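Please open the model in your viewer and set it to a cartoon view, with side chains ready to be switched on as you select them. The stops below can be followed in order, each one starting from a selection.

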Amino acid sequence: MKPIKYLSKSEGLLYLKDVGVNIPVTYIGIENLTSYLEEELNQYIKEDSSWIIRFDASSEIRFLLEGGKVHGSNLIENIKHIIQLNEPYKGRFSMILQYCLNSSIEGVAKLLTDGRILIETERNKNSHFIRDGGIPYRYIVGPSNYQVQHPKLTSRNIEDIHSELIKVGKDFVVEWIITTNDEVFFTDAKRVPISFLGNIENSQIIIVKEGIARGVINDVSITNNKMEEPHILYIRKTSIEYLPFINDYTQGIIFENGGLLSHCIVYQSTKNIPIILGVSLDMVHDIKRQEVYMELDIINNKYIINTSVKETSG
């Protein structure tokens, strides 16, 4: 089976626009700043507003316009400056300009095969669980019951997210925000082959993808090592900072904590390797002195982990 093609940021936004869901004011491909686009953007010159320039390379720049200006420069002048700074990377990714809405709460969601939806949302404004690996609130709801125990998320909010998700389809994970005016907007979509085997409602250990893996455990939070031999990656939280450690030698991934719909899991779900969330390995604290070999089997909605430890010199 070939890995599913992963959608870039710009492709995801174009897909959301095509299926007719609400997205913030968005301009894609602003590295090719035309006179028409400049004229279009002139309507925002005198506004107090917040903007973000995003790249398909998972980086972004935020800036606030006060009276239409940032440190005395207007929106278009700022865009031209950023384009100039990123000229060496032109052609490798699209630059996306997006209006920043005033959000009350943010999160991610996926439509499940049984018609319900899986929702994960931040525990606080500083958690950034989607990128940085915090532990989110997680709910599975709908279509007959949208009630959840959450300080901000209402049943009406969830029903609105559900109705928009139906337009998007079951093959996508979407990022959503609810504005201070109680409106739902989708800000990104990723096509992912996640079926979420097992009891994701009540189990702390969740099978993301099945498969068989053999190799040495690499706990990158301790080793800080990108292995070039067959290994099973052990990641303590689903933070995108660990993505560079995943390579062609990675046979499987174990996540200890984090979001089931976080960037780190969603990115890796396109690969044909077993992935599991919620497993804690007590032995890895000694990995600097020991080589821990693991057999990881995830088959028929069950997982088996066997390890053997070999003392290394030093």
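What follows is a tour of a predicted model, going from the whole chain to its cores, a hairpin, single residues and salt bridges.

**The whole chain**

Begin with everything selected and coloured by secondary structure: the chain holds 7 helices and 18 strands, and of its 314 residues 49% are buried. If you display the accessible surface, its area comes to about 15,800 Å², with 46% of that belonging to carbon and sulfur atoms. Where contacts join residues at least 6 apart in sequence, 56% of them connect residues at least 24 apart.

**The largest nonpolar core**

In soluble globular proteins, nonpolar side chains tend to be buried together. Select L233, I253 and F255 next, since these are the residues that touch the most other members of the largest nonpolar core, which has 26 residues. Then add the elements that each give two or more residues to this core, namely β12 (206-209), β14 (231-237), β15 (250-257), α7 (263-268) and β16 (275-277). Which of them provides the largest share of the core? That is α7, with 4 residues.

Now centre on I253 and show what surrounds it: beyond residues up to four places away in sequence, I253 touches L233, I235, I246, Q268, I273, P274, I275 and I276. Apart from this core lies another, of 23 residues, and to find it you can select L111, V168, F172 and F186, which are among its members.

**A hairpin of two strands**

Move to strands β10 (residues 172-179) and β11, which run antiparallel and are joined by 7 bridges. For one pair to inspect, select V173 and its bridge partner in β11, K190. The two strands form a hairpin with 4 residues between them, and in the turn D182 has a positive phi of about 70 degrees. Strand β11 (residues 184-191) is mostly covered, with 7 of its 8 residues buried.

**N157 and helix α5**

From the turn, select N157, which lies in helix α5 (residues 155-168) and touches D182 as well as K152, I178 and V184, residues up to four places away in sequence being left out. Is N157 buried or exposed? N157 counts as buried because its relative accessibility is 2%, below the 20% cut-off. Show the side chain of T154 too, and a polar contact of 3.0 Å to the side chain of N157 can be traced.

Stay on this helix and select K167 and E164, whose side chains meet in a salt bridge of 2.8 Å, N to O. Both residues lie in helix α5, 3 residues apart, which is about one turn of the helix. K167 is partly exposed, with a relative accessible area of 40%, whereas E164, at 10%, counts as buried.

**Salt bridges between strands**

In total, the chain has 8 salt bridges. Select E120 and R138 for one of them, in which the closest N and O atoms are 2.7 Å apart. E120 lies in strand β8 (residues 117-121) and R138 in strand β9 (residues 137-141), so this pair ties together parts that are 18 residues apart in sequence. The two ends have their own degrees of cover: E120 is buried, with a relative accessible area of 0%, while R138 at 27% counts as partly exposed.

For a network of salt bridges, select D219, R236 and E256, which are linked to one another in this way.

**Strand β17, from D297 to M294**

Finish with R214 and D297, a salt bridge in which the closest N and O atoms are 2.6 Å apart. Here distant parts of the chain are linked, R214 being in strand β13 (residues 211-219) and D297 in strand β17, 83 residues away. R214, at 30% relative accessibility, counts as partly exposed.

Then select M294, which lies in strand β17 (residues 290-299) and, at 0% relative accessibility, counts as buried. Leaving aside neighbours within four places in sequence, which residues is M294 in contact with? They are A213, R214, G215, I217, I232, I254, L281, I305, N306 and T307. As a last distance to draw, M294 and I232 are 7.3 Å apart from C-alpha to C-alpha, although 62 residues separate them in sequence.

Note on methods. Residues numbered from 1 in each chain as written. Predicted model: local features only at pLDDT ≥ 70, side-chain atom pairs only at ≥ 80, totals over all residues. Heavy atoms only, no water. Buried < 20%, exposed > 50% of the residue type's maximum accessible area, 1.4 Å probe, protein only. Contact = heavy atoms within 4.5 Å. Polar contact = N/O pair within 3.5 Å; in protein donor to acceptor, adjacent residues only side chain to side chain. Core = buried A, V, L, I, M, F, W, Y, C linked by side-chain atoms within 4.5 Å. Pairing = 2+ DSSP bridges. Areas by Shrake-Rupley, 256 points an atom, 1.4 Å probe, with all protein chains shown as cover. Salt bridge = Lys/Arg side-chain N within 4 Å of Asp/Glu carboxyl O.
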